[in-house]
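User: I am new to this structure. Please take me through its sheets, its ligand site and a few single residues.

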Amino acid sequence: MSKKLLLKDAHIEGIRYFETYRKQGGYTAAEKALKMTPDEILEEVKVSGLRGRGGAGFPTGMKWSFLAKPEGVPRHLVVNADESEPGTFKDRYLMEFLPHLLIEGMLISSYCLGSNVSYIYIRGEYSWIPDILEEAIEEAKAAGFLGKNILGTGFDLEIYVQRGGGAYICGEETALLESLEGKRGNPRLKPPFPAVKGLWERPTVVNNVESIAAVVPIIDITGAEYAKIGVGRSTGTKLISACGNINKPGVYEIDMTITVEEFIYSDEYCGGIKDGKRLKACIPGGSSVPIVPANLLLKTVNGEPRYMNYESLADGGFATGTMMGSGGFIVLDEDQCIVDHTMTLARFYNHESCGQCTPCREGTGWMYKILKKIEKGEGKMEDIDLLWDIQRKIEGNTICPLGDAAAWPVAAAIRHFRDEFEWHIKNPELSQTQNYGIAHY
Ligand code: SF4
């Protein structure tokens, strides 16, 4: 059984409200932190080995240490709650059921970073959650954990919730900042990085909801104890939102020492493939990371079990591995069509491209058109190479990572499932009514 740090109280009735959260020991980590210096908190976060839970996996303590501190210039913490990656819904769960965990994490983090005004930028489609967060903010304020002179320490903090307009690209940190400033959510060229020039050109740290919530147990049990959970550079626990053809979709907290096989088949987690079908493939970290066929998902190329952590999932690089990404675990059974699936993702990225850079704006459209053609049974063999060529020209040639996110699923689908693309082209009459099946994998 995995150790629970974030969701340990999620089952308790009324945990959404301050009184119950407090009774369960809520805000004791904040009380402890406010007696520490900001540098001591930063050290704990560094020692914990916490890596950003939004997708990139960058060490949080290191990110915080980059924050510029020019004299007299306000600094900000912005929580990225624009959770729009297909297959990812773990931050929604945290905010909906444990809003005070996020508020407490923000209090500790804002104190450490020197932010007196912090923001939660939340995905517009999560329309019912801002009310939950705002109610929690009011409760925390009434109890003296937000507002002026918190707990008599002289530290002031206001937290504001800003609703996004429904664009996937606003999950990219600089697009998010543009949107928060009231502008169109176009990603900015970097450098300068937000740590130097972020919100209103002020030094800003942008962190994912789960990363900030994880600061609470880190202070609670200490960074050193947190680092003992997990393995290698995958320390602590990780939330995984599991969906697709499984018996038990949902949000799970894992300690990153379990194997992928255990996660899919154990009753504690996904409970196996629905209707007793066979596993065909999986996208373990949200739609942007490479799809992996079952044989490479359960074992690495060296025959080692593949584990649910940053290093093991990436074992073999993009050729045979994938990424932990945002923890959006999408499972595909033997009946799923890879070409259709890849086309759906290509349509999504084409729709969500902001259009600033040519490779992304034009390339995503072309990939979608070609995939649609193949899926309809109207493709030619040379289309597969053309698709490969287009994704190569997008990757690494754009302002923001959406370009890469659009290219990688196409590259991985062709790399691992080329036969299936060819079958669609060779069997136009069967292309839309039958699937290639699983026997070949
Ligand atoms: Fe916009 Fe795509 Fe360029 Fe990102 S990669 S800035 S989404 S056009």
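User: In what order do the strands of the five-stranded open sheet run?
Analyst: This is a predicted model. The sheet is open and its pairing is mixed. S8 (250-254) and S10 are the edge strands, and each pairs on one side only. The order is S8-S7-S11-S9-S10.

User: In which sense does S7 run against S11, parallel or antiparallel?
Analyst: S7 covers residues 238-244. Gly244 has Val331 in S11 as its bridge partner. Four bridges join the two strands, and their sense is parallel.

User: And in which sense do S9 and S11 pair, parallel or antiparallel?
Analyst: S9 spans residues 279-283. Leu279 stands opposite Asp333 in S11. Ile283 has Ile330 in S11 as its bridge partner. Over four bridges, the sense is antiparallel.

User: How many of the six residues of S11 are buried?
Analyst: S11 is made of residues 328-333. Gly328, Ile330 and Leu332 point one way, and all are buried. Phe329, Val331 and Asp333 point the other way and are buried too. The strand is largely enclosed by the rest of the structure, because the buried residues number six of the six.

User: Pro284 lies in a loop between which strands? Is Pro284 buried or exposed?
Analyst: The loop runs between S9 and S10 (292-293). Buried means under 20% relative accessible area. Pro284 has 1% relative accessibility, so Pro284 counts as buried.

User: How far is Pro284 from Met106, C-alpha to C-alpha?
Analyst: The two residues are 178 residues apart along the chain. In space, their C-alpha atoms are separated by 28 Å.

User: What is the order of strands in the four-stranded open sheet?
Analyst: The pairing in this sheet is parallel. Its order is S3-S2-S1-S4.

User: Which strands stand at the edges of that sheet? What is its average twist?
Analyst: S3 (158-163) and S4 (204-208) stand at the edges. Each has a single partner strand, so one side of each is left without a neighbour in the sheet. From one strand to the next, the twist averages 20°.

User: How many bridges join S1 to S2?
Analyst: S1 covers residues 76-81, and S2 covers residues 117-122. Val79 has Ile120 in S2 as its bridge partner. Val78 stands opposite Tyr119 in S2. The strands pair in the parallel sense, and the bridges number four.

User: Over how many bridges do S1 and S4 pair?
Analyst: His76 stands opposite Thr204 in S4. The pairing is parallel. The number of bridges is five.

User: How many of the six residues of S1 are buried?
Analyst: Both faces of S1 are covered. His76, Val78 and Asn80 lie on one side, with Leu77, Val79 and Ala81 on the other, and all are buried. S1 is largely enclosed by the rest of the structure, because its buried residues number six of the six.

User: Which residues come nearest to the ligand?
Analyst: The space taken by the ligand is the largest cavity. Around the ligand there are 13 residues. Those that come nearest are Cys354, Gln356, Cys357, Cys360 and Cys400.

User: How many residues of the shell around the ligand are nonpolar, polar and charged?
Analyst: The shell holds no charged residues. Five of its residues are polar. The nonpolar ones number eight.

User: Where does Gly355 lie, and what is its relative accessible area?
Analyst: Gly355 sits in the loop between helix H15 (338-352) and helix H16 (358-375). Gly355 counts as partly exposed, because its relative accessible area is 21%.

User: What separation is there between the C-alpha atoms of Gly355 and Lys238?
Analyst: Along the chain, Gly355 and Lys238 are 117 residues apart. Their C-alpha atoms are separated by 33 Å.

User: Which helix holds His100? Is His100 buried or exposed?
Analyst: His100 is found in helix H6, residues 99-113. Its relative accessibility is 0%, so His100 counts as buried.

User: How far apart in space are His100 and Lys141?
Analyst: In sequence, His100 and Lys141 are 41 residues apart. From C-alpha to C-alpha, the distance is 11 Å.

Technical notes:
Residues are numbered from 1 along each chain as its sequence is written. This is a predicted model: local features need pLDDT of at least 70, side-chain atom pairs count only at pLDDT 80 or more; totals for chains, interfaces and linings use all residues. Side-chain values use heavy atoms; hydrogens and water are left out. Buried means under 20% relative accessible area, exposed over 50%, partly exposed in between (1.4 Å probe, protein chains only). Two strands pair if DSSP finds at least two bridges between them. A residue is near a molecule or strand if one of its heavy atoms lies within 4 Å of it. On a 1 Å grid over the protein atoms alone, a cavity is a set of points where a 1.4 Å probe fits but cannot get out, and a pocket is an open set with protein on both sides within 12 Å along at least five of seven lines; lining residues have an atom within 4 Å of a point. A molecule sits in a cavity or pocket if more than half of its atoms lie within 2 Å of its grid points. Ala, Val, Leu, Ile, Met, Phe, Trp, Tyr, Cys and Pro count as nonpolar, Asp, Glu, Lys and Arg as charged, and the others, Gly among them, as polar. Axes are lines fitted to C-alpha atoms, for helices over the stretch in contact, and angles run from 0 to 180 degrees between N-to-C directions.
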